[in-house]
Structures are given as structure tokens and as C-alpha cells.
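Please open the model in your viewer and keep the sequence panel beside it, so that each selection can be found in both places. The tour moves from one selection to the next and says what is there.

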Amino acid sequence: MVATDASGEHTPSIGGVSPRFVREPVEAWLAWATEAQPTACFYLSDPVTQRWAQGLANAVPGPLLVLESGEAAKSWAAVERILAWLLEHNADRSSVLVVL
């Protein structure tokens, strides 16, 4: 739910309020997804954020991919794995990828 623009600044995405200040992020996510009606939702996390991702996926169902944590895991091979996973699950232009 936190979007970052090219400058690295967080962009407001829930009624003009930064997601950092949302008291009930799962409820906010459910409200946004209900209004936006994406064709599919996908969740990407590491083991540290997996529980949060699962909570969001319980509210708005979709597959979850858990990758290793840390700088060493940030590689082109990881990008290829994510893209292959999205293609395997038929992601399209109206799909949403939630990265935690």
C-alpha cells in the first residue's frame, strides 16, 4: 500500500493519506481493492513480512511469493523469478502487486 515515486518519496494512496498513518491497514486495503476492482492481487514478501502479506491476502485473496531477505537476494535472478511467477498466475495490466 506504500507507493514510492521516482524521487523516493512515498505517494499518498488511500484517500490522500499516507499509508503509514492508516490505523487499520487490512481494512484500508480491502476498501481500496473493493473500489479499484483489480483483476487479480499478488503478494510479494520476505520471511520477515510474510505474516503481514498473509493478512492482506486473507482480506483480498491472491497468491503469495516469499523471497529471501537482504541485499544479497536483490538480483536479476530474483526479478526473473518474480516475473515468471506473475506470468504463471496470469497477471495482466489490471493486476496489483503488493510488495512488503
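Begin by selecting W29, which in this predicted model is buried, with a relative accessible area of 3%. Keep W29 on screen and add Y43, because these two rings form an aromatic pair with 6.2 Å from centre to centre and 85 degrees between the planes, and planes over 60 degrees apart count as edge-to-face. The pair links distant parts of the chain, since W29 belongs to helix 1 while Y43 belongs to strand 3 (residues 41-45), and 14 residues separate them. Y43 is buried as well, and its relative accessible area is 0%.

Now add W32 to the selection. W29 and W32 both lie in helix 1 (residues 25-36), 3 residues apart, which is about one turn of the helix. An α-helix has 3.6 residues a turn, so residues three or four places apart point the same way. The structure holds 3 aromatic pairs. In the one made by W29 and W32, the ring centres are 5.4 Å apart and the planes are at 15 degrees, so this pair is stacked. W32 is partly exposed, with a relative accessible area of 32%. With the three residues shown together, you can follow how ring pairs link W29, W32 and Y43 into a cluster.

Next, select the whole of helix 1, which has 12 residues and reaches 16 Å from its first C-alpha to its last, close to the 16 Å expected at 1.5 Å a residue. Which residues of helix 1 are buried? They are A28, W29 and A33. If you turn the view until you look down the axis of helix 1, these buried residues fall within an arc of 130 degrees, so they line one face of the helix. On the other side of helix 1 you will find E27, T34 and E35, which are exposed. To see what the buried residues of helix 1 pack against, show strand 3, helix 2 (50-59) and strand 5.

Move along the chain from helix 1 to Q37, which follows the helix and lies in the loop between helix 1 and strand 3. The phi of Q37 is near 50 degrees, a positive value in a residue other than glycine. At 62% relative accessibility, Q37 counts as exposed.

From that loop, go on to strand 3 and show it together with strand 5, for the two strands pair in the parallel sense over 4 bridges. Where they run side by side, look for L44, which stands opposite V99 in strand 5. Then select S45, which has its place in strand 3 and is buried, with a relative accessible area of 4%. Leaving aside its neighbours within four places in sequence, S45 is in contact with Q50, A53, L64, L65, V66, L67 and L100.

Stay with strand 5 (residues 96-99) and display its side chains, which alternate along the strand. Here V96 and V98 point to one face and are buried, whereas L97 and V99 point to the other face and are not buried. In a regular strand the side chains alternate between the two faces of the sheet.

Turn next to helix 2 and select G55, which lies in that helix. At 24% relative accessibility, G55 counts as partly exposed. Add P25 to the view and place a distance between the two C-alpha atoms: G55 and P25 are 30 residues apart along the chain, and these atoms are separated by 9.6 Å.

For the next stop, select K74 and E71, whose side chains meet in a salt bridge with 2.8 Å from N to O. The structure holds 1 salt bridge, and K74 and E71 are both exposed.

Finish at N90, which lies in the loop between helix 3 (76-88) and strand 5. What is the phi of N90? It is near 60 degrees, a positive value in a residue other than glycine. N90 is exposed, with a relative accessible area of 62%.

Conventions:
Residues are numbered from 1 along each chain as its sequence is written. This is a predicted model: local features need pLDDT of at least 70, side-chain atom pairs count only at pLDDT 80 or more; totals for chains, interfaces and linings use all residues. Side-chain values use heavy atoms; hydrogens and water are left out. Rings of Phe, Tyr and Trp (its six-membered ring) pair if their centres lie within 6.5 Å; planes under 30 degrees apart count as stacked, over 60 as edge-to-face and the rest as tilted. Buried means under 20% relative accessible area, exposed over 50%, partly exposed in between (1.4 Å probe, protein chains only). Two strands pair if DSSP finds at least two bridges between them. Contact means heavy atoms within 4.5 Å. The expected span of a helix is 1.5 Å times one less than its number of residues. The arc is that of the directions from the helix axis to the C-beta atoms. A salt bridge is a side-chain nitrogen of Lys or Arg within 4 Å of a carboxyl oxygen of Asp or Glu.
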